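User: I am new to protein models, and I would like to learn how to read one feature after another. Could you take me through this structure step by step?

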Amino acid sequence: MENVIVPYDFTERADCAVKHAAHIARNMKAEVILLHIVKKEDQSAEAAQKLEGVVAQFAQDENCQVRYIVREGSIFTTINEVVAEQNSTLVVMGTHGMKGIQKITGSWALKVIVGCHVPYLIVQKDPEYADPMKILFPVDYKIESKEKLKWLPVLSYISKIKVVLFGQQGNGPMYDNPTRANMNFCKHYLEDQNIDCTTEWVDEKGSFLEQSLKHCEENKMDLIMITTTRNIAFHDYLLGAYEQTVISNSAGIPVLVVNPRSDAKLVYSNF
């Protein structure tokens, strides 16, 4: 890992994101980059002056390398452009959840995330990771469930982890059979990686999302991992894509969001 990007707007949520990023960077020997986006170029000098003090304070408090970038643009495009430019491995972003008009047009966080080739860690409060860090890994019938797997070995370098592979049965063979196949694949992969994991099933019909979040809250999970909806469109935001509910969950559980690669079906169909 070379660096972790934190979109920074001088708010408490952004400060919270920096603390999470610093925790990761210390363990991965990476640096933290605070990215501040301005609407007009003539705002850059003032922002840079403010960031000088912020960076110095975080470097001292968090004991890690921190620098900043000021860029003119939009959060919906510029963050991912800088991620590619800096060869970043991860983006850590604070969110306030969905409020007001965002409930109709979709979470700002989700709109930023979609399309990026690296994961986003979405956080709402300061780090409180247990040892081992408990991670909920929802497994459904979609082949994209496997896309999250490659990030678990990375997380295992950050801290000791315990993964709960969580699945739902009772929706009929069309869904249950591929879910079981994905669950077995994930279990064998983690065992090969010597990562501690258990499998848990819920037999209740209904929303798998609600069951996953309920399990997280009841078992005090430290992190939940999800993949975004492939080819997400405006109507998904309008109707409420499931990712929106997860990343703004009421318990404030951090969420690692992975975008599925365009060739996922080709890659994973061989396994």
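Analyst: Let us begin with a definition: the expected span of a helix is 1.5 Å times one less than its number of residues. Please keep in mind throughout that this is a predicted model.

User: How many residues does α1 have, and what span should they give?

Analyst: Helix α1 has 17 residues, which should span 24 Å at 1.5 Å a residue, and because its end C-alpha atoms lie 25 Å apart, the two values agree. Helix α7, which runs over residues 173–192, can be read in the same manner: with 20 residues it reaches 28 Å from its first C-alpha to its last, close to the 28 Å expected.

User: Before we look at parts, how many helices and strands are there in the protein?

Analyst: The protein has 11 helices and 10 strands. Of its 271 residues, 50% are buried, and the accessible surface comes to about 13,300 Å², with 50% of that belonging to carbon and sulfur atoms. If we take the contacts with a separation of 6 or more, 79% of them join residues that are 24 or more positions apart.

User: Which residues of α1 are buried, and what covers them?

Analyst: The general idea first: an α-helix has 3.6 residues a turn, so residues three or four places apart point the same way. In α1, the buried residues are Ala-14, Cys-16, Ala-17, Val-18, His-20, Ala-21, Ala-22, Ile-24, Ala-25 and Met-28. Their cover includes the strands β1 (3–7), β2 (31–38), β4 (90–94) and β5, together with the helices α2 and α6.

User: And which residues are buried in α7?

Analyst: In α7 they are Asp-176, Thr-179, Asn-182, Met-183, Phe-185, Cys-186 and Leu-190, and what covers them includes β6, α6, β7 (161–168) and β8 (197–202).

User: How many residues does the largest nonpolar core have?

Analyst: The largest nonpolar core has 47 residues, and those with the most contacts inside it are Leu-34, Val-92, Phe-137, Leu-152, Leu-155, Val-163 and Met-225. Helix α1 (residues 12–28) gives the largest share of this core, namely 9 residues. There is also a second, separate core of 33 residues, which includes Ile-122, Leu-213, Cys-216 and Ile-226.

User: With which residues is Leu-152 in contact, leaving aside its neighbours within four places in sequence?

Analyst: Once those neighbours are set aside, Leu-152 touches Ile-135, Phe-137, Ile-161, Val-163, Leu-190, Ile-195 and Met-225. Leu-190 appears again here, and you met it among the buried residues of α7.

User: Are Ser-44 and Ile-143 buried or exposed?

Analyst: Here a cut-off is needed, since buried means under 20% relative accessible area. Ser-44, which lies in helix α2 (residues 44–62), counts as buried because its relative accessibility is 12%, and beyond its sequence neighbours within four places it is in contact with Val-38 and Val-70. Ile-143, in the loop between β6 and α6, counts as buried because its value is 18%. The C-alpha atoms of Ile-143 and Asn-182 are separated by 7.3 Å, although these residues are 39 residues apart along the chain.

User: Why does Tyr-141 count as partly exposed?

Analyst: Partly exposed residues fall between the buried limit of 20% and the exposed limit of 50%, so Tyr-141, at 39% relative accessibility, belongs among them. Tyr-141 is placed in the loop between β6 (133–139) and α6 (152–158), and with Met-174 and Tyr-175 it forms a nonpolar patch on the surface, having about 340 Å² of accessible area together.

User: Which residues have a positive phi, and which peptide bond is cis?

Analyst: In general, most residues other than glycine have a negative phi, and most peptide bonds are trans. Asn-63, however, has a positive phi of about 55°; it lies in the loop between α2 and β3 (66–72) and counts as exposed because its relative accessibility is 63%. Lys-220 has a phi near 50°, is found in the loop between α8 (208–218) and β9 (223–227), and is exposed, with a relative accessible area of 65%. Positive values also come after two helices, with Lys-29 following α1 at a phi near 55° and Asn-194 just after α7 at about 55°. As for the cis bond, the peptide bond from Asp-131 to Pro-132 has an omega near 5°, and Pro-132 is placed in the loop between β5 (120–123) and β6.

Definitions and conventions:
Residues numbered from 1 in each chain as written. Predicted model: local features only at pLDDT ≥ 70, side-chain atom pairs only at ≥ 80, totals over all residues. Heavy atoms only, no water. Patch = residues over 30% accessible without salt bridge, like charges linked within 9 Å, V, L, I, M, F, W, Y side chains within 5 Å. Areas by Shrake-Rupley, 256 points an atom, 1.4 Å probe, with all protein chains shown as cover. Salt bridge = Lys/Arg side-chain N within 4 Å of Asp/Glu carboxyl O. Helix = DSSP H or I, 4+ residues; strand = E, 2+ residues; numbered from the N terminus. Buried < 20%, exposed > 50% of the residue type's maximum accessible area, 1.4 Å probe, protein only. Core = buried A, V, L, I, M, F, W, Y, C linked by side-chain atoms within 4.5 Å. Contact = heavy atoms within 4.5 Å.
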